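Subject: Structure handover

Hello,

Here is the structure I promised to pass on. Please open it beside this message and follow along.

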Amino acid sequence: MFNQRRLRFAVFGSLAYAIVGGASFPAAAATIYPLTIKNCGSTLTVDKAPQRVVSIGQSTTETLLALGLADKIVGTAVWFGPVLKPYEADNAKIKRLADNDPSFEAVMAQQPDLVAAQYEWHIGPNGSVGKREQFSDLKIPAYVSPADCVEKDNTTGGDGVRKQLFTMKLVYQEIHELAAIFDISDRGDALIADLKTREAAAVATASGSNAKAVPIVFWFSSKDVKGDAFVAGKNGAPAFMMQALGARNVITTEDEWPLASWESIVAADPRVIVIARMDRRRFPADALDVKLKFLETDPVVSHLDAVRNKRFVVMDAMSMNPSMRTIDGLEALADGIRALGQSQ
């Protein structure tokens with residue numbers, strides 16, 4: 001989980017320096033408007049620093065909050081769980097349009113001058129909230145997280161197909177671009193520097209666990225508790241964590257979150273099962289207690305060695321998706337593997 005002490009990010013109004021973990025970073029150059037950015041196959045132009053942004057996706061919302069932009073956010077949607085601790089007070093003042101997908105009308109009612117989304121399936125060619133053209137026709141820039149479109153095909157349905165292993169570089173790109181859009185590049189640079197320091201420390205710590213080839217499966221949720229499970233594919237954020245640890249994903253498909261039968265998971269015999277914890281209740285297996293009960297009572301799955309020995313790592317759902325929290329996931333997985341005695 002998030003450790004508030006690890007995000008030592010402070011911004012001092014108009015001062016020329018951002019201070020992170022005791023290090024000072026000179027202010028970046030001011031944004032020159034109009035600013036044009038290539039984003040997920042489209043081009044968006046921002047004429048001035050936005051004053052009213054609607055954020056669709058918890059990760060995007062938390063990134064904006066980390067950049068000190070709470071006063072610019074006029075609406076949020078798509079939440080998996082509680083906001084990060086340092087931002088609870090600010091987030092409580094922001095209007096929540098929906099826990100899941102908001103309507104296009106609900107977004108437009110906030111009169112945004114920027115819409116930022118975590119997922120292309122919310123804003124994209126087949127966007128459930130709206131297509132890019134709907135926003136561009138109204139002269140509203142729509143930004144989508146690069147982590148959801150770079151080397152990723154979202155036209156296949158489901159959660160898309162990721163052709164290349166995710167790395168934190170895509171998260172850093174999003175922070176950099178959002179900071180430029182709002183003309184606060186110094187804040188963006190400082191936040192990126194702090195996260196890079198944490199990433200390097202986590203990888204160094206994880207490498208010490210020597211968890212070579214430990215077979216792992218990440219279970220996010222299921223449409224039917226006893227049906228196929230949404231598990232992490234070979235190239236998403238969980239795959240990044242496993243590669244950093246030297247562990248092995250038992251799932252080899254490029255789908256971001258493929259549906260896998262429990263028979264195939266049992267056949268793969270994972271030594272550790274990583275289970276998502278979330279407040280969202282879209283599917284029956286979103287609840288952690290439901291997942292645990294299934295694992296321990298299903299006549300087939302309960303015989304897995306990982307289940308009999310309760311080799312579970314419970315991880316915040318947002319840490320399983322590309323975001324700042326991916327670093328928290330990396331730390332949690334390394335700690336979990338060591339605690340379960342799987343670092344050999």
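Start at Arg280. Arg280 sits in the loop between strand 17 and helix 9. Is Arg280 buried or exposed? Its relative accessibility is 10%, so Arg280 counts as buried. Its side chain makes a polar contact with the side chain of Asp286, at 2.9 Å. Look around it next. Setting aside neighbours within four places in sequence, Arg280 is in contact with Trp79, Phe80, Asn100, Phe220, Ser221 and Asp286.

One caution before we go on. This is a predicted model. The mean pLDDT of the protein chain is 89. Of its residues, 89% reach 70 or more. The start of the chain is another matter: pLDDT stays under 50 over residues 1-26. The model still has 50 contacts for that stretch beyond four places in sequence. Where pLDDT is low, the predicted coordinates should not be read in detail.

**The whole chain**

The protein chain has 344 residues, and 56% of them count as buried. Its secondary structure comes to 11 helices and 18 strands. Now take contacts between residues at least 6 apart in sequence. Of these, 66% join residues at least 24 apart.

**A parallel sheet**

Find the open sheet of 5 strands. Its order is 8-7-6-9-10, and the pairing is parallel. Which strands stand at the edges? They are strand 8 (96-98) and strand 10 (142-144). Each has a single partner strand, so one side of each is left without a neighbour in the sheet. On average, neighbouring strands here are turned by 20 degrees against each other, direction ignored.

Zoom in on one pair. Strand 9 covers residues 114-117, and 3 bridges join it to strand 10. These two strands run parallel. Val115 has Ala142 of strand 10 as its bridge partner. Strands of a sheet pair through backbone hydrogen bonds, either parallel or antiparallel.

Two helices lie across strands of this sheet:

- Helix 1 (residues 58-66) lies across strand 6 (53-56), strand 7 (73-77) and strand 9. Helix 1 runs at about 150 degrees to strand 7.
- Helix 5 (residues 169-181) lies across strand 9 and strand 10. Helix 5 runs at about 160 degrees to strand 10.

**The nonpolar cores**

The largest nonpolar core has 88 residues. Which of them touch the most other members? They are Ile216, Phe218 and Leu333. Helix 5 gives the largest share of this core, 8 residues. Another core lies apart from it, with 20 residues. Among them are Trp219, Val225, Ala260 and Phe294.

Leu333 is worth selecting on screen. Beyond its neighbours within four places in sequence, Leu333 is in contact with Ile216, Phe218, Met241, Met242, Leu245, Val274 and Met315.

**Leu292**

Leu292 is found in helix 9 (residues 288-297). With a relative accessible area of 24%, Leu292 is partly exposed; buried would mean under 20%. What does Leu292 contact, leaving aside neighbours within four places in sequence? The answer is Ile275 and Phe312. Leu292 and Phe312 are 20 residues apart along the chain, and their C-alpha atoms are separated by 9.2 Å.

**Backbone features to check**

Most residues other than glycine have a negative phi, and most peptide bonds are trans. Three places here depart from that pattern.

- Tyr33 and Pro34 are joined by a cis peptide bond, with omega about 0 degrees. Pro34 is found in the loop between strand 3 (23-26) and strand 4 (35-39).
- Asp183 has a positive phi, near 60 degrees. Asp183 lies in the loop between helix 5 and helix 6 (185-207). Its relative accessible area is 34%, so Asp183 is partly exposed.
- Asp269 also has a positive phi, near 55 degrees. Asp269 lies in the loop between helix 8 (262-268) and strand 17 (272-277). At 41% relative accessibility, Asp269 counts as partly exposed.

That loop brings you to strand 17. Strand 17 also borders the loop that holds Arg280, where this tour began.

Best wishes

Note on methods:
Residues numbered from 1 in each chain as written. Predicted model: local features only at pLDDT ≥ 70, side-chain atom pairs only at ≥ 80, totals over all residues. Heavy atoms only, no water. Pairing = 2+ DSSP bridges. Helix = DSSP H or I, 4+ residues; strand = E, 2+ residues; numbered from the N terminus. Axes fitted to C-alpha atoms, helices over the stretch in contact; angles between N-to-C directions. Contact = heavy atoms within 4.5 Å. pLDDT = per-residue confidence, 0-100. Buried < 20%, exposed > 50% of the residue type's maximum accessible area, 1.4 Å probe, protein only. Polar contact = N/O pair within 3.5 Å; in protein donor to acceptor, adjacent residues only side chain to side chain. Core = buried A, V, L, I, M, F, W, Y, C linked by side-chain atoms within 4.5 Å.
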